[in-house]
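Got the viewer open? Take a walk through this model with me, one selection at a time.

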Protein chains: 2
Amino acid sequence: MFEALETGKFLSPEEYKARELELRQKLLEAQFDQAERDYPVIILVAGLPGAGKGTLVHRLNEWMDPRRIETSAIWMHSDEEEERPFFWRFWRKLPPKGKTGIFLGSWYTRPLHDATEGKLGTRDLQVQLEEINAFERMLYDDGALLIKIWLHVTRETQRHQLDEEAPRLQQNPRVGAYAGHWWEMYPQALTTAEQILLGSDTGHTPWHLIEADDRLYREITGGEIILQALQERASRSAKPASTKANHQPSASGRDQPTVLAGVPADLTLNKNEYRIQLHRQQRHLQDLAWLAHRQRRSLVAVFEGWDAAGKGSAIRRVTAPIDPRLYQVVQYAAPTDEERAHHYLWRFWRKLERDGRATLFDRSWYGRVLVERVEQLTPVDAWRRAYHEINQFEGQLVAHGCIVVKFWLHITPEEQLRRFEDRQKKPHKQYKITEDDWRNRERWNDYEIAVEDMVAHTSTGFAPWTLVAGNDKRYARIQILQTLCNALNQAMGGEYPAPEPAAIMSDRFQPTAPNS
Amino acid sequence: MFEALETGKFLSPEEYKARELELRQKLLEAQFDQAERDYPVIILVAGLPGAGKGTLVHRLNEWMDPRRIETSAIWMHSDEEEERPFFWRFWRKLPPKGKTGIFLGSWYTRPLHDATEGKLGTRDLQVQLEEINAFERMLYDDGALLIKIWLHVTRETQRHQLDEEAPRLQQNPRVGAYAGHWWEMYPQALTTAEQILLGSDTGHTPWHLIEADDRLYREITGGEIILQALQERASRSAKPASTKANHQPSASGRDQPTVLAGVPADLTLNKNEYRIQLHRQQRHLQDLAWLAHRQRRSLVAVFEGWDAAGKGSAIRRVTAPIDPRLYQVVQYAAPTDEERAHHYLWRFWRKLERDGRATLFDRSWYGRVLVERVEQLTPVDAWRRAYHEINQFEGQLVAHGCIVVKFWLHITPEEQLRRFEDRQKKPHKQYKITEDDWRNRERWNDYEIAVEDMVAHTSTGFAPWTLVAGNDKRYARIQILQTLCNALNQAMGGEYPAPEPAAIMSDRFQPTAPNS
């Protein structure tokens, strides 16, 4: 594919000057216009080392207003980044709506280097490319403008530019060491680059290939490609199809039992058995949490469920035995304005903890396919594609080593009514019940179908849903604790089963009495 | 001071149960009430290792709603933290208004350990305590409720608890190694603790000392102290004095020339000389930026100035030669809602880059004593104390190794008028001029006095102001570049003066022509 990029394209200094003058003015205008837009612009400048990526980014920052650009150089990875799934480092750098982010190096850099050096086989590379495609697709679907630029240089130019840079940027410790290495690797790198480009050149986020041997041609062409993409995107008045309000009632035409009908409503645990089990499971969880910490494994636990299903009190039974150094509870309400300016998954990514800690999500990304669907806050195609986006997200967590456990706390409508009325009667519980709760209750059927679809689409082998029999709070809590312990134990090799109850009871650990 | 904390206080299990029941309920109520408040609660749990800090925090998370608490365990420092001033790691963990943050370990932990082990002399400890006091004072002045708890245990109890913890938390790798060490260090640690407690026990953020040998007494007392502090703070309807609108016109009674009168209005540079100088300085800055990167030194450059003084175009001349991997430009407009929920300095702390990079602030924390003062957006006592807060902030930057350079771009009112009119005439510049600009212009005198006071209070030896003669843009840009180069060069030992002009001109680096 690169033959077409070795044709000797160049610009004379005069032509460069002439075109630069116009380009510069128009880029500034487009940038100014972009500030009013409700989508972000993400520019990727990629290519082999020595292709001139740095100088192009440099020029872009010079031509445009650097105050409206955030340039992210992906060349050093901090330990905070290494201790989270690969894409976390990019999520944290994604520009908000109305802003521009330039990535000098990107999610393509590591696959390119690893595959070139033989650390990544063809199949693994393919898997990574699929992840990349899903990631870009998601940004595109959300309205983002991605401009992907690949600079191609011949082996001669690469060597020349790496050599040439060395004395000039004499303080850059990276370039010198790389020059000879990349000269040797060039053929292999080019083969890898071809695989990567072909595998990620999708219709919605195409690659722009630039013959980059001539600096003047490279810069002007890069700038013009960006300008054209900005203008094109601005000429579309709104996001793609997804922004059009295209709601449809979620309950239409279904009148069959859902997966929730299979959750037993009559399972209970007597107080004494509950105490023994609670003690046993909490003691186990305490050890497993430390063990997971030592093994640098993270737990991501999602709690969803009906109003009044007992999420809060269940979460407290889970956190009680865990050392507070090792967990955080994250509760989601309305997004902040910074969160609204990003993709909906951004506000969950930003809360991901480093390896070796547990994060409990009290409500989660599943709001997208539950409340946002039922209340018609999000267009149909947007929540529909969320299933796939969420599976991708959780797949990345699991691939990184996180243990993902998801609970739907189920109660019957009758039990919910009983609890609502109970809350209204007791003064210190009244704050827990609002108009919204009663309103949601009227949509029980819609929610039930949304839950069914959610489970059908997102209960994966690597991150299955657990439907919790919640009518009896005691039973529910033990089920949750047991599920968590089993998941942790299994993920860590299955060598840490729960200790014998007798042994536990003689232990000094004293959980306080449950307050309900 | 610790004799009073070794009197044998304890609680019987029955008494514990009785008091716990009431405490728990009231803590939940106070926490619920706190969510409505416009201040954050910061709880510090401190003490020697083995004092039972972890179990107290554990219990607090059990008693209260863990979803409304963020517990920050300061026990491991990431490289991202080590590469920024010490307090950055705490700033990033500060809870927003309406939320509670518990610090298990805090800004006291490192001084305690270092001084105990002899790595920190008495004088250095004193300096650190002063920094801590200033930090806490600032949070207090902003309305935060700080609850500082110190758990004291005898040597016997410490040994007992460290030994005891080892088998129980068998997976915690830290405790085991520490036990014997701290048993030996106990007398020294206690002496240090006394110094720290006495040195930071201020009236507005007092220490609460708890005799912690008995677990039951320790937990109930800790909880009750927190409850009392929450209730007390809530009973005050608003923040301390500072929230009362207490404005006074800033220009009253002064009719003397200000420091700005001394800035020459007639310095100019002809086009040819400008080109030579621009080239020379930019080439120098390019090298210095890489050098600073290699030496892990950061540049923090602040750009303030009159409207139309040329901040934006000056910043572009500074960024032009710097590799885009090595700098970011941060522009400040209205704060986001997350920013408004924190101390005003938070939004600047959060943008601080890791060691070895330059951050250019297009407007900055000085807005507090400029626009917020003149427009009366902030009460008088709040912007008055900002001078000291800012000096503390910049002092921390410099102590960490940052190079702080601050520019006020000065133009005369006549020159500003000329530029305003010019902007209105040229279509592509009209967006640059707004009603606000004209309104600000009418307050020239107020701003001039605010600038004078700002320079008087914050032009320190470690972070001096540079008043830039801005009537001639060419002169201003060279002055700025030269100042930056000198500051970088001096900070790095003065061994990297600017190269000879002749040598530069033959170089291949080609700055594009300035566009104004």
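## Where the chains meet

Keep in mind as you click around that this is a predicted model. Start by showing both chains and selecting their contact: 42 residues of chain A and 41 residues of chain B take part. On the chain B side, the elements that each give two or more residues are α2 (53-63), β2 (69-73), α3 (79-82), α10 (271-294), α11 (311-319), β7 (327-331) and α12 (337-340) of chain B. Highlight α2(B) in particular, since you may want to know which element gives the most to this side: it is α2(B), with 5 residues. Colour the chain B side by residue class and you should get 15 nonpolar, 13 polar and 13 charged residues.

## Chain A, from a distance

Now hide chain B and look at chain A as a whole. Switch to a cartoon and you'll have 20 helices and 10 strands to look through. Of the 516 residues in chain A, 41% are buried. Turn on contacts between residues at least 6 apart in sequence, and 84% of them join residues at least 24 apart.

Next, colour by domain: domain 1 of chain A covers 2-242, and domain 2 covers 268-505. The C-alpha centres of domain 1 and domain 2 of chain A lie 39 Å apart. Where they touch, 19 residues of domain 1 of chain A are in contact with 19 residues of domain 2 of chain A. Select α4 (88-91) and α6 (122-141) of chain A, which each supply at least two residues of the domain 1 side. The largest share of that side comes from α6(A), with 5 residues. By class, the domain 1 side has 10 nonpolar, 1 polar and 8 charged residues.

## Two helix crossings

Stay in chain A and select helix α2 (residues 53-63) together with helix α9 (residues 215-235). Their axes are 10 Å apart and the helices pack at an angle of about 55°, which makes α2(A) oblique to α9(A). Which hand does this crossing have, right or left? The crossing of α2(A) and α9(A) is right-handed. Show side chains next: from α2(A), pick Thr55(A), Leu56(A), Arg59(A), Leu60(A) and Trp63(A), which meet Arg215(A), Arg218(A), Glu219(A), Gly222(A) and Gly223(A) in α9(A). That contact divides into 3 nonpolar, 3 polar and 4 charged residues.

For the second crossing, move to helix α11 (residues 311-319) and helix α19 (residues 473-491) of chain A, whose axes come within 10 Å and cross at roughly 45°. The two helices, α11(A) and α19(A), are therefore oblique to each other. The crossing of α11(A) and α19(A) is right-handed. On the α11(A) side, click Ser313(A), Ala314(A), Arg317(A) and Val318(A); they meet Lys473(A), Ala476(A), Arg477(A), Ile480(A), Leu481(A) and Leu484(A) in α19(A). Sorted by class, the contact of α11(A) with α19(A) has 6 nonpolar, 1 polar and 3 charged residues.

## A buried lysine and an exposed glutamate

While you're at α11 of chain A, select Lys311(A), which lies in that helix. Is Lys311(A) buried or exposed? Lys311(A) counts as buried because it has 24 C-beta neighbours inside 10 Å, and the cut-off is 20 or more. Leaving out residues up to four places away in sequence, Lys311(A) touches Phe303(A), Gly305(A), Asp362(A) and Leu409(A). Try the distance tool too: the C-alpha atoms of Lys311(A) and Asp141(A) are separated by 32 Å, and the two residues are 170 apart along the chain.

Then jump to Glu414(A), in helix α16 (residues 413-425) of chain A. Glu414(A) is exposed, since 10 other C-beta atoms lie within 10 Å. Draw a line from there to Tyr16(A), 398 residues away along the chain, and the C-alpha atoms are separated by 75 Å.

## Last stop: two loops in chain B

Bring chain B back and go to the loop between β6 (299-305) and α11 of chain B, where you'll find Ala308(B). Check its backbone: phi of Ala308(B) is near 70°, a positive value in a residue other than glycine. Ala308(B) is buried, with 22 other C-beta atoms within 10 Å.

Finish in the loop between β8 (358-362) and α14 (371-374) of chain B by selecting Arg363(B). Arg363(B) is not a glycine, yet has a positive phi of about 70°. With 18 other C-beta atoms within 10 Å, Arg363(B) is partly exposed.

Definitions and conventions. Residues are numbered from 1 along each chain as its sequence is written. Chains are lettered from A and ligands numbered from 1 in the order in which they are written. This is a predicted model: local features need pLDDT of at least 70, side-chain atom pairs count only at pLDDT 80 or more; totals for chains, interfaces and linings use all residues. Helices (H or I, at least four residues) and strands (E, at least two) are DSSP runs, numbered from the N terminus. A residue is buried if 20 or more other C-beta atoms lie within 10 Å of its own, exposed if 12 or fewer, and partly exposed in between; C-beta atoms are placed from the backbone. Two residues are in contact if their C-beta atoms, placed from the backbone, lie within 7 Å. Domain bounds come from an automatic or database domain assignment. Ala, Val, Leu, Ile, Met, Phe, Trp, Tyr, Cys and Pro count as nonpolar, Asp, Glu, Lys and Arg as charged, and the others, Gly among them, as polar. Axes are lines fitted to C-alpha atoms, for helices over the stretch in contact, and angles run from 0 to 180 degrees between N-to-C directions. Angles under 35 degrees count as roughly parallel, over 145 as roughly antiparallel, 65 to 115 as roughly perpendicular and the rest as oblique. A crossing is left-handed if the near helix is turned anticlockwise from the far one by less than a right angle, and right-handed if clockwise.
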